[in-house]
Amino acid sequence: MADAIAASLHYLSIFVLFSLLTCEHVLFKADLDHATAQRLLRIDMIYGVTAGLVLATGAARVICFGKGLDYYLHNWMFHAKVSLFILIGLLSILPTLTFFNWRNDLLAGKAPTITPAQASRTIWVIRLELLLLVCLPFLASLMARGVGFFS
Ligand code: HEM
């Protein structure tokens with residue numbers, strides 16, 4: 001039962017993570033109004049917390065509920081999956097910093113100033129994150145089936 005709950009929480013947090021990033025992709029544009037910019041900042045904060053939940057539920061499955069730590073540590077697909085997840089986390093720093101820099105404008109009740117270069121960089125990083133996220137379930141499914149095992 002605990003195993004099923006841990007698995008469900010892992011999937012739920014992944015759904016939420018993907019939805020939040022999709023919202024960021026839909027909402028972000030070069031000429032943002034104050035309300036949308038504030039919404040993006042909030043969504044990005046929840047995105048960070050959700051990424052933590054994905055990691056925590058994934059780690060719980062590795063340590064307590066899955067096939068045992070040894071199984072995962074001897075599987076290339078597991079290492080590829082975690083490395084990709086870390087890469088997505090590193091990429092997400094750029095949009096987060098962009099949104100965070102709007103703080104003063106937002107507190108002053110103004111819409112943020114976004115240069116065309118910043119806008120294009122941010123949107124492409126969000127797209128790249130989405131693309132990499134889409135690859136993760138495939139690596140996870142291979143990992144769960146023992147593909148990539150090494151001794
Ligand atoms: C957005 C990131 C992630 C996605 C999309 C994802 C996706 C998945 C999916 C689809 C499965 C089910 C595989 C199957 O049973 O066929 C799974 C299982 C699992 N995931 Fe994740 N995962 C993510 C992050 C993580 C992280 C960061 C960890 C480790 C710290 C992790 C550890 C695990 C473990 C241990 C299982 C159980 C595999 C088994 O049944 O043996 N996941 N994940």
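Which helices each supply at least two residues of the shell around the ligand? In this predicted model, that description applies to helix H1 (2–27), helix H2 (34–65), helix H4 (76–91) and helix H7 (116–144). The ligand has 20 residues around it, and among these Gly58, Arg61, Leu136, Ala140 and Ala144 come nearest. By residue class, the shell around the ligand comprises 14 nonpolar residues, together with four polar and two charged ones.

The overall architecture of the chain may be considered next. Its secondary structure consists of seven helices, with zero strands, and the order of the elements from the N terminus is accordingly written α-α-α-α-α-α-α. The C-alpha trace spans about 55 × 30 × 20 Å when taken along the principal axes of the chain. The chain has 151 residues, of which 21% count as buried. With regard to contacts at a sequence separation of 6 or more, 83% are accounted for by residues that lie 24 or more positions apart.

Helix H5, which covers residues 93–100, has Pro95, Thr98 and Phe99 as its buried residues. These three lie on the same side of H5, because the arc that they cover around the axis is only 95 degrees. The other side of H5 carries Ile93, Leu97 and Phe100, which are exposed. The buried residues of H5 are covered by elements that include H1, H2 and H7. Of the elements named in this cover, H1, H2 and H7 also appear among the helices that each supply at least two residues of the shell around the ligand.

A further view of how parts of the chain separated in sequence come together is given by His34, a residue found in helix H2. When neighbours within four places in sequence are left aside, His34 is in contact with Leu106, Gly109, Lys110 and Ala111. Between His34 and Asp105, the separation in sequence is 71 residues, whereas the C-alpha to C-alpha distance in space is 8.6 Å. As to its surroundings, His34 has 15 C-beta neighbours inside 10 Å and therefore counts as partly exposed, since a residue is buried only when 20 or more other C-beta atoms lie within 10 Å of its own and exposed when there are 12 or fewer.

Methods: Residues are numbered from 1 along each chain as its sequence is written. This is a predicted model: local features need pLDDT of at least 70, side-chain atom pairs count only at pLDDT 80 or more; totals for chains, interfaces and linings use all residues. A residue is near a molecule or strand if its C-beta atom, placed from the backbone, lies within 6 Å of it. Helices (H or I, at least four residues) and strands (E, at least two) are DSSP runs, numbered from the N terminus. Ala, Val, Leu, Ile, Met, Phe, Trp, Tyr, Cys and Pro count as nonpolar, Asp, Glu, Lys and Arg as charged, and the others, Gly among them, as polar. Two residues are in contact if their C-beta atoms, placed from the backbone, lie within 7 Å. The arc is that of the directions from the helix axis to the C-beta atoms.
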